[in-house]
Amino acid sequence: MIELEVQDYYKGLPALDQVKINTLFARAVLEQRIPGKVYADSKEKPGAFYVVHPYGMSLVYGNAANPDFHRWLSDYITGKAENRVHAEWLQGDPAGAWSERIDAVAAAHNSVLPGSGGVSQQDDQRAIQRNTRVNFRLDHEAYFAARAQFFKQDADLVRTGKEHFSAQAGSVVPRFFWRDEEHFLAEGIGYSILEDGRVVSTAFSSCSTADQLEIGIETAEASRGKGYAFTVCAALIDYCLDHHLEPVWACRLENQGSYHLAQKLGFRPSLMLPYYRLVHV
């Protein structure tokens with residue numbers, strides 16, 4: 001199996017166009033809007049692909065017929081290949097039965113770990129953990145009804161600028177999804193709420209295309225429960241609707257904060273699929 005050169009990333013785009021789940025993070029890498037890694041079964045005529053976003057999300061998709069690629073995938077996700085440098089959240093294209101293959105690899109890998117005879121695999125730091133990723137679609141009527149009820153008109157809401165880019169604390173923040181502040185200002189969009197001049201909540205475009213924008217959201221722990229997350233997300237959804245962009249939301253089902261916020265905003269679950277936690281080994 002090979003790691004594609006950056007100039008060959010475009011070869012993964014036609015197959016990605018056929019994937020019917022949220023793949024904006026993979027597209028961002030393939031279109032070279034953010035650095036990442038792309039592996040394939042061939043350099044000249046690749047058919048199967050594995051794309052890694054620098055935030056730690058990964059996607060396997062394409063032609064599943066190559067047994068060499070299956071062996072490489074098994075070695076990669078179990079750590080035998082020794083070329084996975086950080087933890088990842090992996091999803092597979094449902095059309096290629098990739099989840100079934102990953103399930104088989106995970107079962108074999110987890111069965112030989114210490115504690116496999118009775119201790120929960122979730123407690124073993126080397127286990128491949130199976131979670132659930134939820135894709136949503138926005139119900140416009142539900143959104144407008146919720147916005148009328150929950151939007152905080154008195155919040156100190158601003159468009160996220162250069163001075164705010166690195167100011168938001170947390171794990172889902174603009175600096176993890178954009179090369180730098182100049183890149184974000186040129187191609188991204190976000191809204192922030194300030195308290196005493198400090199950024200306490202930000203909703204921003206984590207990935208985007210010509211017609212879609214995926215929402216990232218973070219609120220400082222001390223400022224949660226005040227309706228700030230709803231308000232900054234609503235401001236970003238308004239931007240999307242004004243600019244003919246589809247607002248995209250996806251999260252782990254286990255992330256109950258994000259899952260419930262999405263539904264409060266009017267998003268409705270449209271698809272659930274396996275999501276695998278690959279720990280760094």
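Look past the residues within four places of S223 in sequence, and this serine is in contact with E195, V200 and Y228. Keep in mind that what you're looking at is a predicted model. With E195 there's a polar contact too, side chain to side chain, at 3.2 Å. So where does S223 sit? You'll find it in the loop between β10 (212–219) and α7. Is S223 buried or exposed? With a relative accessible area of 4%, S223 counts as buried, because the cut-off for that is under 20%.

Now follow the chain into helix α7, which takes in residues 228–242. Its 15 residues, at 1.5 Å each, should span 21 Å, and the C-alpha atoms at its ends are indeed 21 Å apart, so the two values agree. Helix α7 is mostly covered as well, with 13 of its 15 residues buried. Just after the helix comes H244, which takes a positive phi of about 60 degrees.

Time to zoom out. The protein chain has eight helices and 13 strands. Its radius of gyration is close to what the globule rule gives for 281 residues, so the chain is as compact as a globular protein of that length. Here are the two values:

| Radius of gyration | Value |
|---|---|
| Protein chain | 20 Å |
| Globule rule for 281 residues | 19 Å |

Along the principal axes, the C-alpha atoms fill a box of roughly 60 × 45 × 35 Å. Of the 281 residues, 51% count as buried. As for the outside, the accessible surface comes to about 13100 Å², and 49% of that belongs to carbon and sulfur atoms. Finally, among contacts between residues at least 6 apart in sequence, 67% join residues at least 24 apart.

Methods: Residues are numbered from 1 along each chain as its sequence is written. This is a predicted model: local features need pLDDT of at least 70, side-chain atom pairs count only at pLDDT 80 or more; totals for chains, interfaces and linings use all residues. Side-chain values use heavy atoms; hydrogens and water are left out. Helices (H or I, at least four residues) and strands (E, at least two) are DSSP runs, numbered from the N terminus. The expected span of a helix is 1.5 Å times one less than its number of residues. Buried means under 20% relative accessible area, exposed over 50%, partly exposed in between (1.4 Å probe, protein chains only). A polar contact is a pair of N or O atoms within 3.5 Å; within protein, one must be able to donate a hydrogen and the other to accept it, and residues adjacent in sequence count only if both atoms are side-chain atoms. Contact means heavy atoms within 4.5 Å. The radius of gyration is taken over C-alpha atoms; the globule rule is 2.2 Å times the number of residues to the power 0.38. Accessible areas come from the Shrake-Rupley method with a 1.4 Å probe; for residues, only the protein chains shown count as cover.
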